[in-house]
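The following questions and answers examine a predicted model. They concern burial, aromatic pairs and enclosed space.

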Amino acid sequence: LATTREGYANLCKLVTVGRLRSPKGRSVVSFDDVAHHAKDLIALWGGDESVLLDASITDQTIDSVGDLLKRAFDDRIFALITRHRRDSELRTEALLRQRAERLNLRRVASNEVLYANPARRPLQDILTCIRNGVSIHNSAAYTKPNAEHDIKSPHAFSQLFADDRIAVANTLEIADRCNFSMGELRYRYPSERLPDGRTSADHLCHLTWQGAFKRYDVSHIDELSGDVRAQIERELSLIIELDYPGYFLTMHEIVRFCRSEGILCQGRGSAANSTVCYCLGITAVDPVRMGLLFERFISRERAEPPDIDLDIAHERREEVIQWVYERYGRKKAAMVAIFVRYRGRSAVRDVGKALCIPETSLDRLAKLLSWSGGPSADVLLQAGIDPELASNQRLLELVAEIREFPRHVGIHPGGFLLGNVPVYDLVPIENATMEDRTVLQWDKYDVEDMNLFKVDLLGLGALTLIDRCFRLIADHRGPQLDMASLPAGDKETYDMICDADTVGVFQIESRAQMAMLPRLRPRHFYDLVIEVSIVRPGPISGDMVHPYLRRRNGEEPVVYPHKCLEPVLARTLGVPLFQEQVMKLAMVAGGYTPGEADQLRRDMGAWRSSGRIDRHRARLIGRMKERGISEEFAERVFQQIRGFGEYGFPESHAASFSLIAYATAWLRCHYPVEFTCGILNAQPMGFYSPATLVDDAKRHGVTCLPVDVNHSDWDCTLEHNGGALHAGVESNDKFSFAVRMGFRFMKGAREEEWLRLDAARKSAGAYVDVEDFARRTRVGENTLMRLAQAGAFEGCVGTPRMDAVDGHSRRSHLWQARSALARRNDTLVVEETEAVPAFAELDAFDTVAWDYVSSAHSVRGHPLESFREELDRRGFPTAERIRELPDGKWINAAGLVITKQRPGTASGVMFMTVEDETGFMNLVVWPQVFERFSVMIKTVHFIGVSGRVQAKDGVVHVIAQSFWTPRLDKTPIKTRSRDFR
């Protein structure tokens, strides 16, 4: 127990020592370690597993350990007596008293607290079973035998130890001696004097002004505009006053390292409100030009550490993380933890297993649950589980209790805590499961509560995509492109965006974004900023989307309730859409200071307790009325803030994301082949599966070639396109290359196997046939069979030794693979005489099905393509045809489910995207329809839908009325949808 700040640091160090020498989740310390870290700590020696209570340990050993601990702790070591009304405690307590007297240790009374009250014991038992991997029926060795491990009231505690008042008195004495408070922790960000004698503040100012000259293309401070100069001076003054220079220098240093290594990165979040960050090259948006509010980032009143998020190309982020560890050392740098909590599905699986419910039943039940929803008696019935059984009722009760409990500790996506002193003086550090990672025992909320500086190094797949595209363009076409060199305002790019042709485009590829694009019709960069922001829960729940669209389309006038609000709301046509606008509105109309306005924003946050925002109501409305704004408008603004603020999007964040959105859109428009290759190699990322990305690329004229043992690399590559382009696509230099699929897309593929394959190919030339491949590479059986199934040997140049058979038959290749596996260890070469059967070629259905089984995608066709004649005969229109139907048309259609969403702001409405070989059908499923067909919607991959077409402003949906399972001659291959909460 820590009595002082130094004692707390010693306790953190002791835990760190034990954790860092052990695998994740374990800790081993010696008595020497304990003694070495004893200063200002009180030690309680005892408890169920203590050596002090182990009768098998000799008194001489106890004396030796006791002498060590007494020298280290002096009068700060006590013998711990615990009572839980177990008969075995009589014997162990007698032994403890005997040894305490022998060692001259004072006794202290306590009990082991595992839950607040006895009613929580069943939950404690089930958590114990989960942790130890046992069922409740064989958990006696791990669980406690009674419910006496609760927090005792003072009266109950006194009664429990009524015979030993001295031990109770010592308990109270210890409580009095432990005066340490977490409020005593003082943290300083690394801010050392530089070698040339300058301070961190001096160096930050120097770098900022240097960066300003480059950003604004001037050579002297006097050439900067007055607004820019005043903003930089104001920001630097506050940064220095709050002692933050070291933080900005660290971010600048990390960005400089990324640029030197060719790692694409870009700052975002509230940091984009800072001109200093812009001048340092951390962010790419000019906050002065965009009129952004610095106080959204830092304010004097809040005096909390700034938060800079640095997005890094995700496949190279580990290089940056390891550089930070090396730069600051493991003592002063550690990653922040996250506590992964129980959701409905994980709770059902873990609790059900502990209760011995069959795993097949649990699997059915889990699949019927949403990401966060828990089970009910009705859902149990849908899963074929009897809700009346006692064990199943217990399942419902315990799952309800365990939801939101921490399940395990993970690593924050990129959060680092850096310290001026060793971080383990503040919080223990432990090993992570991932190699070469060390992690704090606190999560980001703990770090924020303690006002500690966190550096966020986040992996962003879109930057990997952009980086890979730039490299492919340079390697195959010549131009050396970067984010800054892309032409702004490209008409073709904006035409493509307005048509909602944005599969794979960062931030604007979701079903909801695609539905908004034809209505908003972005033509300029700021339109993209609006687009990124407007399809968010905040503007939707604040009822701001439709007013903005009506004003933009000229359907209603743009009006401002007071002239003072026009500068704040002009760019969004009088409708507040961003967090910064809410803050400015409070400052201009409500008289708030910048810091007070930021507190208003924080009080709007969804993580705050209810009622925090309401304390601003009287003040904000009253001040607006004082400025001549009508009470009606003031009340309406407050209600908008209430609804909007919970998930409001910062304008700076939207602007940063819009730069990346435009870059990915431009690349997709002008370099579709490189874009397709880049996004496939950047997986996993984005909204769509690789299969959907491939099919969409093919519909746009991109030629995709299958995996081939003689031509494929691990990643997808580009090859000169010698074949014909797809029907209806004009010849164009854009399509002079084709995408060759990489081995990475083979199910079960391992990169080390591919390296062996590639080395053999380079050393002895192309593979002749299946047997040659098997002999030279010696890949595993599963890999060889899957390559044959995928048609990866169709490009081999040799003539197989077989009779009356097409050498390009995948069935033949499978036969040869089996034979090669049987013979590849033979040392005696004999003439092959066995005749190979003449296998039938695969039809269109089997060709695609085999592709999906081996690689979860097909470049040869779509899973529904071979069904089109039958689907047409049954009157099911294609997705392409549905997009041409008039509003209100009743249809029956069928397709593969590729995504499902049920946003919290949609009042229970589910949005589904269904795909066929011609494109997407977007379905709207009202709550009552979802309830009727929920099992089918959750479990069926090929689904039929009946409903009416809704066509408006170029946006087409199908309002679903019923669902059914199409009965076809064959069942389309099973695919998986990507579901989003």
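Q: Which residues of α32 are buried?
A: Helix α32 is mostly covered, with 9 of its 10 residues buried. After this helix comes G701, whose phi is positive, near 100 degrees. The buried residues of α32 are P690, A691, T692, L693, V694, D695, D696, A697 and K698.

Q: Why is helix α21 (residues 511-520) described as largely enclosed by the rest of the structure?
A: The buried residues of α21 are R511, Q513, M514, A515, M516, L517, P518 and L520. They pack against helices and strands alike, among them α20 (491-498), α22 (525-534), β15 (910-916) and β18 (955-964). The helix is largely enclosed because the number of its 10 residues that are buried is 8.

Q: Which residue just after α21 takes a positive phi?
A: The backbone just after α21 has a phi of about 50 degrees. The residue with this positive value is R521.

Q: Is the aromatic pair of Y325 and F416 stacked or edge-to-face?
A: A pair of aromatic rings is described by the distance of the centres and the angle of the planes. The rings of Y325 and F416 have centres 5.1 Å apart. Their planes stand at 75 degrees, over the cut-off of 60, so the pair is edge-to-face.

Q: How many residues apart along the chain are Y325 and F416?
A: Both Y325 and F416 are buried. Y325 belongs to helix α13 (residues 317-328) and F416 to strand β7 (residues 406-418), so that the pair links distant parts of the chain. The separation is 91 residues.

Q: Which residue lies over the face of Y325?
A: Y325, which pairs with F416, also has a charged group over its ring. The distance from the ring centre is 3.7 Å. The residue is R330.

Q: Is the pair formed by Y688 and F920 stacked or edge-to-face?
A: Y688 is in the loop between α31 (672-681) and α32 (690-699), whereas F920 is in strand β16, 232 residues apart. Y688 is buried, as is F920. With 5.6 Å from centre to centre and 15 degrees between the planes, the pair is stacked.

Q: How many aromatic pairs does the structure hold?
A: The pair of Y688 and F920 is one example. Elsewhere, Y244, Y247, F248, F294, F297 and F453 form one aromatic cluster. The total number of aromatic pairs is 22.

Q: What is the volume of the second largest cavity?
A: Rolling a probe the size of a water molecule over the atoms shows where empty space is left. The count comes to 4 cavities of 30 Å³ or more. The second largest has a volume of about 120 Å³.

Q: Which elements give two or more residues to the lining of the second largest cavity?
A: The lining has 15 residues, and the closest to the cavity centre are F743, A749, E753, T783 and L787. By class, the lining divides into 9 nonpolar, 2 polar and 4 charged residues. The elements giving two or more residues are α33 (751-764) and α35 (781-789).

Q: Which residues does K367 contact, leaving aside its neighbours within four places in sequence?
A: K367 is in helix α15 (residues 359-367) and is partly exposed, with a relative accessible area of 47%. The C-alpha atoms of K367 and I937 are separated by 11 Å, although the two residues are 570 residues apart along the chain. Beyond its sequence neighbours, K367 is in contact with R345 and K938.

Definitions and conventions. Residues numbered from 1 in each chain as written. Predicted model: local features only at pLDDT ≥ 70, side-chain atom pairs only at ≥ 80, totals over all residues. Heavy atoms only, no water. 1 Å grid on protein atoms, 1.4 Å probe; cavity = no way out; pocket = protein on both sides within 12 Å on 5 of 7 lines; lining within 4 Å. Points joined across faces, edges and corners; volume = space filled by probe spheres on them. Helix = DSSP H or I, 4+ residues; strand = E, 2+ residues; numbered from the N terminus. Nonpolar A, V, L, I, M, F, W, Y, C, P; charged D, E, K, R; others polar. Buried < 20%, exposed > 50% of the residue type's maximum accessible area, 1.4 Å probe, protein only. Contact = heavy atoms within 4.5 Å. Phe/Tyr/Trp six-rings, centres within 6.5 Å; stacked < 30°, edge-to-face > 60°. Lys NZ or Arg CZ within 6 Å of the ring centre and 35° of its normal.
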